[in-house]
Amino acid sequence: MKADEHILQLPHTNIKNRELLPEQSGIYYVLDEQFIVWYVGQAKNLRNRWAGDSHHRLYQLQKQRKKQFVIYYELIAESHLNAIERQRINEYNPQLNGTKIKIKKLHPTETLLRETLTILAPYSFVLGVEPPRKQDPKLINDSIYWRDNWRVQKAVLPLSVIHVCINLKELEEFTKDWRSVNRFLKQVFKQRPNYSDNWACKGQAKDEKFGIFFLRRLLVNGFAVEVYKAHEEIFKYIQGYKLAQLAGVNIRVVNESSLVLLKSQCLLSVVGIYAPSENQTYPYYKLYHQAIERLFPYKKDIVKLLFNENINTQKLQILPPVSKTIKNDNLSEESYIGLSARLANLAAKKKYLIELLTQRDVDLNCYKVNKYLETIPKDENYVDSNYDRRMTVYVKSFMYGDLRKPGHSSSLILGDKGQVYQLQNVVDCPYQEVYLAAKVDRAFWLLLEPYLSDFTKVKLQENEGYVNKHYFSARRVLVPAIMTITLNGKWKSNIPFGCNNGIAYKQVIDIIKNRLQESGIPKLRFSFKSESVRS
């Protein structure tokens with residue numbers, strides 16, 4: 001059942017920001033973006049009831065990945081909670097009340113290791129086993145001195161470490177495309193919430209787009225398993241392999257004579273095992289050499305399986321994806337022969353936007369949209385420029401009435417009247433209004449500006465300023481409300497929007513919906529996400 005005005009007028013917060021709930025007793029209502037009541041409950045302390053992942057219905061709500069949930073609440077005395085809760089449940093008949101509680105099933109970490117090895121084994125080998133690092137004080141001190149603290153983290157020190165190397169050259173030869181290799185590895189090592197632990201990464205994931213694969217680590221059944229890249233030049237020292245098992249999965253292992261050569265000629269860092277150039281002798285090479293010298297041959301499966309879950313190898317992605325090519329674009333006579341699917345799709349998207357904007361008599365020169373849309377990919381060397389594609393817009397907050405005042409800490413206010421910091425006392429602030437800056441796709445904004453210009457600004461007046469971030473806590477910032485637009489069934493973009501003259505979020509959504517439904521834009525779909533606070 002849909003919520004009525006009684007609920008919609010109550011205070012509320014996004015379910016992702018449930019820590020904002022008050023520490024008071026009350027009745028709470030969980031609504032989706034269509035304002036359908038999913039659950040009604042009571043709590044003596046609303047914040048504690050929803051703290052962390054403790055709520056018994058949270059898993060069911062999180063499984064609804066296409067839904068955006070908001071918690072509305074009314075403050076009620078503890079003595080009246082039971083009676084009012086029963087009354088509200090009978091009145092709104094929520095979808096989840098009375099249904100069986102679904103429990104999140106967690107798989108043991110050893111299952112994640114076995115699944116990962118099943119996928120990677122054809123392109124990997126075991127280098128060796130390292131005794132616990134706590135036994136080597138010099139390694140610990142040198143690692144700390146050279147800021148390689150990740151090597152000697154407290155949880156790893158008492159564990160033996162199994163070293164696994166990935167032969168990226170074999171992967172690249174299969175796919176003929178390093179981008180496909182990176183996408184494949186990101187998929188293999190992605191975070192999986194249904195496992196009791198996940199692969200940890202040394203380094204930043206964003207660096208992988210440049211072909212850098214950082215060390216991965218998994219702590220499992222009393223061992224640490226570390227996976228990293230084997231650089232091409234080291235293979236001349238590998239004289240042979242033998243077949244063994246790791247966590248019950250068949251995998252190659254370098255033989256003992258090969259390990260001896262590798263230990264004498266190679267170095268081991270977080271970016272993998274490699275052979276240095278003869279003329280390079282950096283001081284920290286001693287640490288990298290010390291790291292590989294500690295390895296012993298891997299002879300038998302030392303990871304004892306405690307759960308031995310059945311794994312469905314048919315569902316695992318055994319082979320990396322080969323980059324697809326599109327031979328012909330049905331939208332035009334132009335051929336995209338040889339382009340990857342990604343670039344061919346980008347070319348088709350730009351052509352579609354040009355045609356759509358032209359048909360609607362929109363000036364492509366506005367906001368320099370033509371500069372971006374007219375650069376069509378011709379070959380694999382094309383790089384899409386975020387600077388040309390995106391532009392800055394400004395929105396007012398639904399949650400915070402006056403962004404001239406700081407949240408957790410003060411941010412810099414920018415504008416025509418110079419730079420000032422947010423202050424609680426706004427008397428001396430040169431700006432009458434302060435907006436939150438956000439990024440938007442130029443072409444999508446040009447298409448939808450007539451329907452959103454009341455709630456999103458492109459240019460500020462002299463007495464208006466903006467902040468790039470508004471801090472709710474040391475690490476959490478305010479994120480504006482977002483409308484996700486889909487054109488022609490496949491091209492998406494997010495457009496931020498905000499408050500105007502105190503109009504409530506629900507009313508703003510209704511206004512935008514009505515305008516877009518009458519816009520005449522073909523195959524247009526849209527959805528909304530409320531303002532939130534995120535890391």
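In the predicted model, the buried residues of helix H5 are Thr109, Glu110, Thr111, Leu112, Leu113, Arg114, Glu115, Thr116, Leu117, Thr118, Ile119 and Leu120. These account for 12 of the 12 residues of H5, and the helix is therefore largely enclosed by the rest of the structure. The length of H5 (residues 109-120) was compared with expectation: at 1.5 Å a residue, its 12 residues should span 16 Å, and the end C-alpha atoms lie 17 Å apart, which agrees.

Burial is also pronounced in strand E17 (residues 433-441), where 7 of the 9 residues are buried, so that this strand too is largely enclosed by the rest of the structure. E17 pairs with strand E14 (residues 390-395) in the antiparallel sense over 6 bridges, and within that pairing Tyr394 is found opposite Ala437 of E17. With strand E18 (residues 464-467), by contrast, E17 pairs in the parallel sense, over 4 bridges; here Leu436 faces Val467 of E18.

The largest nonpolar core comprises 40 residues, and those with the most contacts inside it are Leu448, Ile485, Leu487, Phe497 and Ile512. The greatest contribution to this core comes from helix H14 (residues 442-452), which supplies 8 residues. In soluble globular proteins, nonpolar side chains tend to be buried together. The surroundings of Phe497 were examined in detail. When residues up to four places away in sequence are not counted, Phe497 touches Val395, Phe398, Phe455, Thr456, Pro480, Ala481, Ile482, Met483, Tyr505, Val508, Ile512 and Phe528. Ile512 thus appears both among the contacts of Phe497 and among the residues with the most contacts inside the core. Apart from this core lies another, of 36 residues, among them Leu171, Tyr195, Phe223 and Tyr298.

A further element is an open sheet of 4 strands, arranged in the order E1-E4-E2-E3 with antiparallel pairing. Strand E1 (12-14) and strand E3 (37-43) occupy the edges; each has a single partner strand, so one side of each is left without a neighbour in the sheet. On average, neighbouring strands of the sheet are turned by 20° against each other, direction ignored. Strand E2 (residues 26-31) and strand E4 (residues 70-75) are joined in the antiparallel sense over 6 bridges, with Ile71 in E4 as the bridge partner of Val30. Helix H4 (residues 81-92) packs on this sheet and touches E2, E3 and E4. The direction of H4 makes about 175° with that of E3.

How values were computed. Residues numbered from 1 in each chain as written. Predicted model: local features only at pLDDT ≥ 70, side-chain atom pairs only at ≥ 80, totals over all residues. Heavy atoms only, no water. Core = buried A, V, L, I, M, F, W, Y, C linked by side-chain atoms within 4.5 Å. Buried < 20%, exposed > 50% of the residue type's maximum accessible area, 1.4 Å probe, protein only. Helix = DSSP H or I, 4+ residues; strand = E, 2+ residues; numbered from the N terminus. Contact = heavy atoms within 4.5 Å. Pairing = 2+ DSSP bridges. Expected span 1.5 Å × (residues − 1). Axes fitted to C-alpha atoms, helices over the stretch in contact; angles between N-to-C directions.
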